[in-house]
Amino acid sequence: MAREQLNSASYNWNAFADRPQLASALAAKVADRLTRAIDRRGRAFLAVSGGTTPAKFFADLSAAPIAWDKVIVTLVDERFVPASSPRSNAGLVAANLLQNAAKAARFVPLYHEAAGIEDAATSDDAALRSLPWPLDVVVLGMGPDGHTASFFPDADDLPKLLDPASDRMILPVHAKSAGEPRLTLTLARIIDADFLALHIEGEDKRVAFDNAVAPGPRKPIRAVLDASPKPVEVFWAP
Ligand SMILES: O=C1O[C@H](COP(=O)(O)O)[C@@H](O)[C@H](O)[C@H]1O
């Protein structure tokens, strides 16, 4: 059900009675899109977000009976911390998604030891170029401030992160509100995806989303909705 058409893109609002039902539905949709990609091109390329929201969705997806050995999983963004850190998105993915059937997938992390975030982003960008772009599936999250990926409203160089014509895969992010330096997919790579979903939960995120799509100062999530050539599938539960 499309709640409203935006001035340059649209989104579809998929609301669920509770979070387990959302997790099950999103996992089934992502598994279906991955299988279609494998049927079409012999492999599938998935980018997922971290934070606190996706754990149940990851657990449901990890059990999906698909050809996980043909799936490459990477991150939409990463905090500049090792996988052993409780802040690590790679750690969240390892503990919740790369389990069960999904253990057979190939995981490509973003964090690696480097002199600094700029060096890490440069080497990530070079290393990830060999992956089978464009992404088949991207699942975004969103913070209460309207950030998505690591596109924080107070990020230095935010226009560069949000440039729909960027040829970069990965860029570094410095933002006071981010907690630590970040590595992020660029908006250009995100909107190239064959299937783009936004997974948000709770009344606070619904209000934040509604504020972001209302007229007014443009939040990063709105930049993604406006730039996406296809409707973004929003999955929400209270
Ligand atoms: O810092 C981050 O925040 C967003 C949203 O996280 P959530 O805990 O509010 O769901 C997340 O999508 C992103 O991957 C993460 O690095």
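Q: Which residues does UniProt give for the feature "domain: Glucosamine/galactosamine-6-phosphate isomerase"?
A: The unreviewed UniProt entry puts that feature at residues 18-226; such annotations may be inferred rather than shown by experiment, and the positions follow the numbering used here. Keep in mind that this is a predicted model, where local features need pLDDT of at least 70, side-chain atom pairs count only at pLDDT 80 or more, and totals for chains, interfaces and linings use all residues. Residues are numbered from 1 along each chain as its sequence is written, and side-chain values use heavy atoms, with hydrogens and water left out.

Q: How much helix and strand is there over residues 18-226?
A: That stretch is 37% helix and 17% strand, counting DSSP runs (H or I of at least four residues for helices, E of at least two for strands).

Q: OK, the ligand. Which residues come nearest?
A: G50, T52, T53, D77 and K205, out of 13 around the ligand, where near means a heavy atom within 4 Å.

Q: And which class are those shell residues, nonpolar, polar or charged?
A: One is nonpolar, eight are polar and four are charged. Ala, Val, Leu, Ile, Met, Phe, Trp, Tyr, Cys and Pro count as nonpolar, Asp, Glu, Lys and Arg as charged, and the others, Gly among them, as polar.

Q: How far is the D77 side chain from a ligand oxygen?
A: An N or O atom of the D77 side chain is 2.6 Å from a ligand oxygen. For K205, a polar side-chain atom lies 2.8 Å from one, and for N89 the distance is 3.1 Å.

Q: New topic: where's the cis peptide bond?
A: Between W133 and P134, with omega near -5°. P134 is in the loop between α4 (117-128) and β6 (137-140).

Q: What's the phi of A149?
A: About 50°, so positive, although A149 is not a glycine. Most residues other than glycine have a negative phi.

Note on methods:
A polar contact is a pair of N or O atoms within 3.5 Å; within protein, one must be able to donate a hydrogen and the other to accept it, and residues adjacent in sequence count only if both atoms are side-chain atoms.
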